[in-house]
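Trainee: I'd like to practise reading a model from strand pairing up to the overall fold. Can we walk through one together?

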Amino acid sequence: MIVTDPIADYLTRIRNAQKAGHKIVEIPSSNIKKGITEILYDQGYILKYKFDDEAGKQGIISIALKYDTSKRPVIRELGRISRPGLRQYASAEELPKVINGLGIAIISTSKGLMTDKKARQNHIGGEVLCYVY
């Protein structure tokens with residue numbers, strides 16, 4: 001299957017797995033997806049993850065999803081901002097604040113993937129990939 005927007009596919013797989021109440025979701029691997037997964041783990045949105053580079057052609061990312069005590073997913077909303085047809089870039093001063101800083105925006109910068117807070121601290125702008133809260 002050919003995917004024209006792999007990041008949107010990544011976010012959709014997580015969203016669908018949470019709606020179905022799955023504990024683990026498996027996603028085809030890429031370097032940018034690995035970076036997003038590490039950010040989600042560091043920010044506490046997922047329980048754990050595993051990169052299996054030997055499975056299949058490109059490898060698989062296994063993500064253990066996180067739920068609160070009432071069985072609701074910790075990730076309330078995932079949204080794609082920049083997409084292949086319309087890229088969204090922002091300078092360090094224009095980076096979006098997701099729900100007044102309660103959520104995160106994932107930014108692709110010249111220094112790699114990082115959250116909007118870290119990009120603001122480093123005074124770096126870049127492509128706004130997605131938001132999570």
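Mentor: Sure, and keep in mind that this is a predicted model. Let's start with a strand pair: β6, residues 104–109, and β7, residues 112–115, are linked by 4 bridges.

Trainee: In which sense do β6 and β7 pair?

Mentor: They pair in the antiparallel sense. A hairpin makes the connection from β6 to β7, using 2 residues. To find your way along the pair, look for threonine 109, whose bridge partner in β7 is glycine 112.

Trainee: And what do side chains do along a strand in general?

Mentor: In a regular strand they alternate between the two faces of the sheet.

Trainee: Let's move to a loop. Where does serine 29 sit?

Mentor: Serine 29 lies in the loop between β1 (24–28) and α2 (31–42).

Trainee: Is serine 29 buried or exposed?

Mentor: Here you go by relative accessible area, and under 20% means buried. Serine 29 has 5%, so it counts as buried.

Trainee: Which residues does serine 29 touch, leaving aside neighbours within four places in sequence?

Mentor: Its contacts are Lys34, Asp53, Gln58, Gly59, Ile60 and Ile61.

Trainee: How does serine 30 come out on the same scale?

Mentor: Serine 30 is also in the loop between β1 and α2. With a relative accessible area of 24%, serine 30 is partly exposed, because that class runs between the 20% and 50% cut-offs. For a link across the sequence, take proline 6: it is 24 residues from serine 30 along the chain, and their C-alpha atoms are 8.8 Å apart.

Trainee: Now the whole fold. How many helices and strands does the protein have?

Mentor: There are 3 helices and 8 strands. Read from the N terminus, the order is α-β-α-β-β-β-β-β-β-α-β. The radius of gyration is 15 Å, close to the 14 Å that the globule rule gives for 133 residues, so the protein is as compact as a globular protein of that length.

Trainee: What share of the contacts spans long stretches of sequence?

Mentor: Among contacts with a separation of 6 or more, 60% come from residues 24 or more positions apart. As for burial, 39% of the 133 residues count as buried.

Trainee: And what about the surface and the charges?

Mentor: The accessible surface is about 7900 Å², and carbon and sulfur atoms hold 50% of that. The protein has 21 positive and 14 negative charges, and the mean positions of the two sets are 5 Å apart.

Notes
Residues numbered from 1 in each chain as written. Predicted model: local features only at pLDDT ≥ 70, side-chain atom pairs only at ≥ 80, totals over all residues. Heavy atoms only, no water. Rg over C-alpha atoms; globule rule 2.2 N^0.38 Å. Buried < 20%, exposed > 50% of the residue type's maximum accessible area, 1.4 Å probe, protein only. Contact = heavy atoms within 4.5 Å. Areas by Shrake-Rupley, 256 points an atom, 1.4 Å probe, with all protein chains shown as cover. Lys, Arg positive; Asp, Glu negative; His and termini not counted. Charge placed at Lys NZ, Arg CZ, Asp CG, Glu CD. Pairing = 2+ DSSP bridges.
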